[in-house]
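The exercises below are to be worked with the sequence and the coordinates open. Each task is followed by a solution in steps.

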Amino acid sequence: MPRSRPFRQVDVFTSTPYAGNPVAVVLDGALLSAGAMQRFASWTNLSETTFVLPPTQSDADYQVRIFTPSVELPFAGHPTLGTCHAWIEAGGRPKDPDLIVQECGAGLIPVRPTDDGLAFAAPPLTRSGPVDPDELEQIAGDLRIESDRIVDSNWTTNGPPWVSVLLDSADELLHVQPRPTHRYIGLVAPQPEARDTAFEVRAFFPKNGTTAEDPVTGSLNAGLAMWLTTTGRATTPYTAAQGTALGRDGRIHVTQDDRGTIWVGGGTITCFDGDVML
């Protein structure tokens, strides 16, 4: 029988309500089947819905399962920050007050508080390297642009199977209108120097036979940061903007510690607080 479970909907990568990317967080996922979780995620129709469970690893503070409306993901960035925010707000107490450890399908993900909000340590890429020229030609077709407009490309998969494409300018990026595609495509382009952000980012993914755009995307920005810093196109710290084309105002803060770990962070704010029947 369904029962009442604590629930929050958190806006991520913003300090202004309804300007970032929302995630639905069920704070008690005990005894829910994967099918029940998937049905609820499909019903919320958000890019991701998460379910908090007790950890199975001794180093973790909690476990999370992450669902899109159609599939479960091993990792995603804005659900990581939103779930951590909701867990702490609901009274969660980490073993280390300066470092929260999330268990998910991608392993243990450290999360820490910063001046810009919560930040997660970018997990290793499960696929990286150059894109096959024939596939890149198809990606250009998906984006409705000429292939010679692509400055560079790389696989940046760490959860969703992102393939990332670098364009010459933020203005060009904001005018892209993709066709329906089965691919997860991330776009990045430099901002003019006068802007307070270094890059503009967009993220496209397949949904119900068409292409949807994610407002602000942690996993993509983590992969982009690893690619852009490795190739010398970016130096940390930097801030990226995402969601502009959708009327959002997301801000992603990227830093790198002394060990070379990329940290991806931003603001988190609860917009809905209550209970759901599941």
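## Exercise 1: Helix H1

Task: state which residues of helix H1 (residues 34–44) are buried, which strands help to cover them, and what the backbone does after H1.

Solution. In this predicted model, the buried residues of H1 are Ala36, Met37, Gln38, Phe40, Ala41 and Thr44. An α-helix has 3.6 residues a turn, so residues three or four places apart point the same way. The cover over the buried residues of H1 includes strands S1 (4–12), S2 (21–26), S3 (49–53), S4 (62–67) and S5 (72–73), as well as S18 (268–277). After H1 comes Asn45, with a positive phi near 60 degrees.

## Exercise 2: The chain as a whole

Task: decide whether the radius of gyration of the chain agrees or disagrees with that of a compact globule, then describe its burial and contacts.

Solution. Step one is the expected value: for 278 residues, a compact globule would have a radius of gyration near 19 Å. The chain has 18 Å, so the two agree. Step two is the extent: along the principal axes, the C-alpha atoms fill a box of roughly 55 × 45 × 30 Å. Step three is the content: the chain has five helices and 18 strands, and 55% of its 278 residues count as buried. Step four concerns contacts between residues at least 6 apart in sequence: 60% of these join residues at least 24 apart.

Step five turns to the surface. The accessible surface comes to about 12,200 Å², and carbon and sulfur atoms account for 50% of it. The chain carries 20 positive and 33 negative charges, whose mean positions lie 6 Å apart.

## Exercise 3: The nonpolar cores

Task: find which residues touch the most other members of the largest nonpolar core, and which helix gives the most to this core.

Solution. The largest nonpolar core has 47 residues, and Phe120, Val188, Leu228 and Tyr238 touch the most other members. Helix H5 (residues 218–230) gives the most to this core, namely six residues. Another core, of 17 residues, lies apart from it; Leu136, Trp155, Leu167 and Leu173 are among its members. As background, nonpolar side chains tend to be buried together in soluble globular proteins.

Now take Tyr238 alone. Leaving out residues up to four places away in sequence, Tyr238 touches Ala198, Phe199, Leu224, Ala225, Leu228, Ile252, His253 and Val254. The loop between H5 and strand S15 (238–242) holds Pro237. The peptide bond between Thr236 and Pro237 is cis, with omega at about 0 degrees.

## Exercise 4: Positive phi in loops

Task: place Phe13 and Arg144 in the chain and give the sign of phi for each.

Solution. Phe13 sits in the loop between S1 and S2. Its phi is positive, about 65 degrees, although Phe13 is not a glycine. With a relative accessible area of 1%, Phe13 is buried. Arg144 belongs to the loop between helix H3 (133–143) and strand S10 (152–157). Arg144 is not a glycine either, and its phi is positive, about 60 degrees.

## Exercise 5: Buried, partly exposed or exposed?

Task: classify Pro160, Leu108 and Asp171, using under 20% relative accessible area for buried and over 50% for exposed.

Solution. Begin with Pro160, in the loop between S10 and strand S11 (162–166). Its relative accessibility is 3%, so Pro160 counts as buried. Among residues more than four places away in sequence, Pro160 touches Leu73, Phe75, Tyr184 and Ser219. Pro160 and Leu220 are 60 residues apart along the chain, with 8.2 Å between their C-alpha atoms.

Next is Leu108, in strand S7 (residues 107–114). At 31% relative accessibility, Leu108 is partly exposed. Not counting residues up to four places away, its contacts are Gln57, Asp59, Ala60, Val101, Gln102 and Glu103. Leu108 and Tyr62 are separated by 46 residues in sequence and by 9.9 Å from C-alpha to C-alpha.

Last is Asp171, in helix H4 (residues 170–174). Asp171 has 52% relative accessibility and therefore counts as exposed. The C-alpha atoms of Asp171 and Glu200 lie 8.9 Å apart, with the two residues 29 apart along the chain.

How values were computed. Residues numbered from 1 in each chain as written. Predicted model: local features only at pLDDT ≥ 70, side-chain atom pairs only at ≥ 80, totals over all residues. Heavy atoms only, no water. Helix = DSSP H or I, 4+ residues; strand = E, 2+ residues; numbered from the N terminus. Rg over C-alpha atoms; globule rule 2.2 N^0.38 Å. Buried < 20%, exposed > 50% of the residue type's maximum accessible area, 1.4 Å probe, protein only. Contact = heavy atoms within 4.5 Å. Areas by Shrake-Rupley, 256 points an atom, 1.4 Å probe, with all protein chains shown as cover. Lys, Arg positive; Asp, Glu negative; His and termini not counted. Charge placed at Lys NZ, Arg CZ, Asp CG, Glu CD. Core = buried A, V, L, I, M, F, W, Y, C linked by side-chain atoms within 4.5 Å.
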